[in-house]
Amino acid sequence: MSSDFLIVGSGISGLFLAEKLSELGTVTLVTKGAMREANTNFAQGGIAAVRDFENDTLESHVQDTMEAGSFHNDKEAVEFLVKKADFVLQQMNDMGIVFDENPTREGGHSFSRIWHKDDFSGEYIEESLILRIQKNANINIWDRAYVFELIVEDGECKGVLVQDHNDEIHPLESQNTILAMGGAGYLFEKTTNPKVTVGEGISLAILHGIELGDLEFIQFHPTVLDIEREPMFLLSEALRGEGAKLVNADGKEFMLKYHEQGDLAPRDIVTRAIREEQKKGQVYLDIRHRSVDFLRRRFPNIAYELRKYDLKLERDLIPVTPAAHYTCGGIKTDLQGRTNLKNLFALGEVACTGIHGANRLASNSLLEGVVFAESIYWEIKNEKLKMKNDEKAASYELRDGSDEKPLEKSKNMNKKIVQNVDYLPVKTKHYEGFLKEIRRIMWEYFGIIRNLKQMEKGLKELHELEAKDISSHNIQLAALAIASACIERKESLGCHWVNLK
Ligand SMILES: Cc1cc2nc3c(=O)[nH]c(=O)nc-3n(C[C@H](O)[C@H](O)[C@H](O)COP(=O)(O)OP(=O)(O)OC[C@H]3O[C@@H](n4cnc5c(N)ncnc54)[C@H](O)[C@@H]3O)c2cc1C
């Protein structure tokens, strides 16, 4: 089967880009689980964008992003992200995705610039995009379809191999393949991420020598509900943005001891502070001083979840602990989302654009998904225009509608590329046990505070695991790549905290 555009992943990045590219041709959207199984669906806080230009500035958003990333960020990429934010929020608005009137503030941000829909921003965005896509005749959806290989011929990406829910294998072909496969959070035992995020974008890249970057920077979210549950339930930074304080087992606030921004310090600092305070016992979030009305209105989703455990924001101290949350690195791309393999793009959490540096600033990732989806759309659109008219096409920056000429759809590729698949990647009991073991190793040896000797031990244990199917092999590759990157960076930086003893 072939289409003009092939997108892997149904989070914000894949869905938004599918909607955009459907203007230019046929789109096949492949996703591993059900459409909604994506990190996006779990995002609570919102999307960062400077829109109040009287009080806030683009420079401030750039500075906050760089500070959170320990200045390991690519400044050009950060400026690109921040400048496009207002424009892409308008685009979302045009698609019917409308946020609450007042933005909020989150850790590491100097101003209130987080646009949200109550505390279920991700679910709202995901749902709105899915509804549009399901009605779009130009988009063909393959859900419960597992992508386990790229089709590469003559140094070009020509599509992917996919295993459908009947265990049949299909080559899906396209002149433009876009990986929007999310991160690798579920490779860690404690995580806020759903089961689909096991770093398979990273493995596809390794199999074909595609450049990766910054894999050691796994962000641990400081405040996750400390109750066994999968995925673990996030207590959004927005709670601290609205005045919640972290308190230790003695009921004492402690964050000012660790950072001048107190409870709104960057995530890695809060995470390590909690780890330290946990030595004395349980750490809690305390927002009991806010009114019931406010809390239920502002955090309906959190209040609802907490009730399942007989906890109330207005009444109780809420037990918290850190957990793996976000993969800052991934497949290296330029500002147009291009990887170093021809005709292959990467987008969203799977990509490493250089925006996040050594740690992601809160609410920059949903933004990244949309900004780079727009960028890829304009890149492809311009290329088509150039091919057709041999003239300079309009750019993302100078969009004025003058380029909105009807486009010819590109010819489908008819050539069969892969015929001989001699193995079937099945999700077996072996895979489940294998994944469990990987998660244990990653959490134990490559968790919040890393130690060189322990990491070397972890790497050895990862190597010794014997993968018996393709799915297991792929997650082993991803885990090994993250582990090796952790060992390679000898000094602590951002969310990579290493103790060399
Ligand atoms: C609890 C939580 C709260 C968050 N809150 C915020 C927030 O407030 N603001 C913010 O900016 N960010 C937040 N984030 C981060 C943000 O949600 C993600 O970074 C973002 O949604 C990633 O979007 P994505 O489209 O790149 O990937 P995802 O949404 O993770 O989607 C990845 C897709 O790829 C598919 N896939 C993966 N592997 C395969 C495969 N082998 N074959 C086929 N399909 C595959 C998956 O099934 C999925 O559909 C939060 C994350 C979590 C977990």
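Me: Buried means under 20% relative accessible area, exposed over 50% and partly exposed in between, with a 1.4 Å probe and protein chains only; what makes V371 count as buried or exposed?

Reply: This is a predicted model, in which local features need pLDDT of at least 70 and side-chain atom pairs count only at pLDDT 80 or more, while totals for chains, interfaces and linings use all residues. Residues are numbered from 1 along each chain as its sequence is written, and side-chain values use heavy atoms, with hydrogens and water left out. V371 has a relative accessible area of 0%, which is under 20%, so V371 is buried. Its place is in helix α10, where helices (H or I, at least four residues) and strands (E, at least two) are DSSP runs numbered from the N terminus. The C-alpha atoms of V371 and A481, 110 residues apart along the chain, are separated by 27 Å.

Me: Why does E54 fall into its accessibility class?

Reply: E54 has 77% relative accessibility, and because this is over 50%, E54 counts as exposed. Its place is in the loop between β3 (47-48) and α2 (58-68). From E54 to V196 the C-alpha distance is 41 Å, with their positions 142 residues apart in sequence.

Me: What makes a group of residues a nonpolar core, and which residues have the most contacts inside the largest one?

Reply: A nonpolar core is a set of buried Ala, Val, Leu, Ile, Met, Phe, Trp, Tyr and Cys residues joined through side-chain atoms within 4.5 Å. The largest here has 48 residues, and L17, L21, I47 and M92 have the most contacts inside it. Elements that each supply at least two residues of this core include β1 (2-8), α1 (12-21), α3 (75-94) and α10 (365-389), and the largest share, 10 residues, comes from α10. Residues up to four places away in sequence aside, I47 touches, among others, L89, M92, F99, W115, L366 and V370, contact meaning heavy atoms within 4.5 Å.

Me: Why is α11 called roughly parallel to one neighbour, α13, and what is it to the other, α12?

Reply: The axes of α11 (residues 429-445) and α13 (residues 470-488) come within 9 Å and cross at roughly 10°; since angles under 35 degrees count as roughly parallel, over 145 as roughly antiparallel, 65 to 115 as roughly perpendicular and the rest as oblique, α11 is roughly parallel to α13. Between α11 and α12 (residues 452-464) the angle is about 170°, with the axes 9 Å apart, and this makes α11 roughly antiparallel to α12.

Me: Which residues of α11 meet α13, and which meet α12?

Reply: H430, Y431, F434, L435, I438 and M442 of α11 meet residues of α13, among them S471, I475, A479 and I482, whereas on the other side I438, R440, I441, M442 and Y445 meet residues of α12 that include M455, K457 and E461.

Me: How do you know that α5 is mostly covered?

Reply: Six of the eight residues of α5 (residues 200-207) are buried, namely E200, G201, I202, S203, L204 and A205. These buried residues pack against elements that include β6 (146-153), β8 (169-179), α11 and α13. After α5 comes G209, whose phi is positive, near 60°.

Notes. Axes are lines fitted to C-alpha atoms, for helices over the stretch in contact, and angles run from 0 to 180 degrees between N-to-C directions.
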